[in-house]
Amino acid sequence: MRTASQIRPYRISDFWRVYKVEQAAFRKTIAFQHTKLWKYLLRYSSVVAVLNGQVVGYITYGVPRKNGLIVSMAVSPSARGHGLGRRLLRRALRDFKKRGTPIVYLHVGVGNRPAIALYKR
């Protein structure tokens, strides 16, 4: 069965679904609380991954100083394996390149092997 997916700009109406993705993707000790996630989504550029009409992933990124920063990225565990994380990351990197951003930083837990593998590509 073929799945329909797209990467599109974040909309305020996406917030609670993005929050659910955040909570599903990360342990409660490291997942953003809704108020902090709300602030990041409003402050930085954000895009979402949509699979079969549902928001299943997001990335938030920006240039707070002269270098880029990937603030957060998550794909719902049930939607992994469709290349959505790779597509979200490519979208952010393409935007950084358009802005002439020379360096991009991100934080990832040392035990998050799938994310580390994605970022090394």
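I take axes here as lines fitted to C-alpha atoms, for helices over the stretch in contact, with angles running from 0 to 180 degrees between N-to-C directions. I also keep in mind that this is a predicted model.

**Entry: helices on the sheet**

I began with α1. This helix lies across β2, β3 and β4 and runs at about 85° to β3. Then I looked up α2, which lies across β2, β3 and β4 as well, running at about 65° to β3.

Which residues of α1 are buried? I noted F15, V18, Y19, V21, E22 and Q23, in a helix that spans residues 15–25. An α-helix has 3.6 residues a turn, so residues three or four places apart point the same way. I had that in mind while going through the list. Next I checked what the buried residues of α1 pack against: α2 (34–43), β2 (45–51), β3 (54–62) and β4 (68–75).

**Entry: the sheet**

I traced the strand order as β1-β2-β3-β4-β5, five strands in an open sheet with mixed pairing. Why is one side of β1 and of β5 left without a neighbour in the sheet? β1 (5–9) and β5 (104–106) stand at the edges and each has a single partner strand, so one side of each has no neighbour in the sheet. I also looked up the twist: neighbouring strands are turned by 25° against each other on average, direction ignored.

Then I went through the pairs.

- β1 and β2 run antiparallel and are joined by five bridges.
- β2 and β3 pair in the antiparallel sense, over seven bridges.
- β3 and β4 run antiparallel, with six bridges joining them.
- β4 and β5 pair in the parallel sense, over three bridges.

I followed a few residues across the strands. R8 stands opposite V48 in β2, and V48 has Y58 as its bridge partner in β3. Further along, Y61 has I70 as its bridge partner in β4, and I70 in turn stands opposite L106 in β5. I also noted G57, whose bridge partner in β4 is V75.

How covered are the strands? I looked at two. β2 is mostly covered, with six of its seven residues buried. β4 is mostly covered too, and there seven of its eight residues are buried.

**Entry: hairpins and N52**

I checked the connection from β3 to β4 and found a hairpin that joins them through five residues. The hairpin of β2 and β3 has two residues between the strands, and N52 lies in that loop between β2 and β3.

What is the phi of N52? It is near 50°, a positive value in a residue other than glycine. I wrote it down because most residues other than glycine have a negative phi. Is N52 buried, partly exposed or exposed? N52 has a relative accessible area of 45%, so I list N52 as partly exposed.

**Entry: the salt bridge**

How many salt bridges does the structure hold? I found one. The partners are R8 and D14, and their closest N and O atoms are 2.8 Å apart.

I then asked whether these two count as buried or exposed, and used the cut-off of under 20% relative accessible area for buried. R8 is at 10% relative accessibility, so R8 counts as buried. D14 is at 6%, so D14 counts as buried too. R8 is also the residue I had met opposite V48 in β2.

**Entry: S76**

Past β4 I stopped at S76, which sits in the loop between β4 and α3 (84–99). S76 has 6% relative accessibility and therefore counts as buried. What is S76 in contact with, leaving aside its neighbours within four places in sequence? I found R17, V21 and V56. V21 was already in my notes as one of the buried residues of α1.

**Entry: a nonpolar patch**

Last, I looked at the surface. Which residues form the nonpolar patch there? I noted I12, W38 and L42, with about 300 Å² of accessible area together. W38 has its place in helix α2. At a relative accessible area of 33%, W38 is partly exposed. The helix that carries W38 is also among the elements that the buried residues of α1 pack against.

How values were computed
Residues numbered from 1 in each chain as written. Predicted model: local features only at pLDDT ≥ 70, side-chain atom pairs only at ≥ 80, totals over all residues. Heavy atoms only, no water. Buried < 20%, exposed > 50% of the residue type's maximum accessible area, 1.4 Å probe, protein only. Helix = DSSP H or I, 4+ residues; strand = E, 2+ residues; numbered from the N terminus. Contact = heavy atoms within 4.5 Å. Pairing = 2+ DSSP bridges. Patch = residues over 30% accessible without salt bridge, like charges linked within 9 Å, V, L, I, M, F, W, Y side chains within 5 Å. Areas by Shrake-Rupley, 256 points an atom, 1.4 Å probe, with all protein chains shown as cover. Salt bridge = Lys/Arg side-chain N within 4 Å of Asp/Glu carboxyl O.
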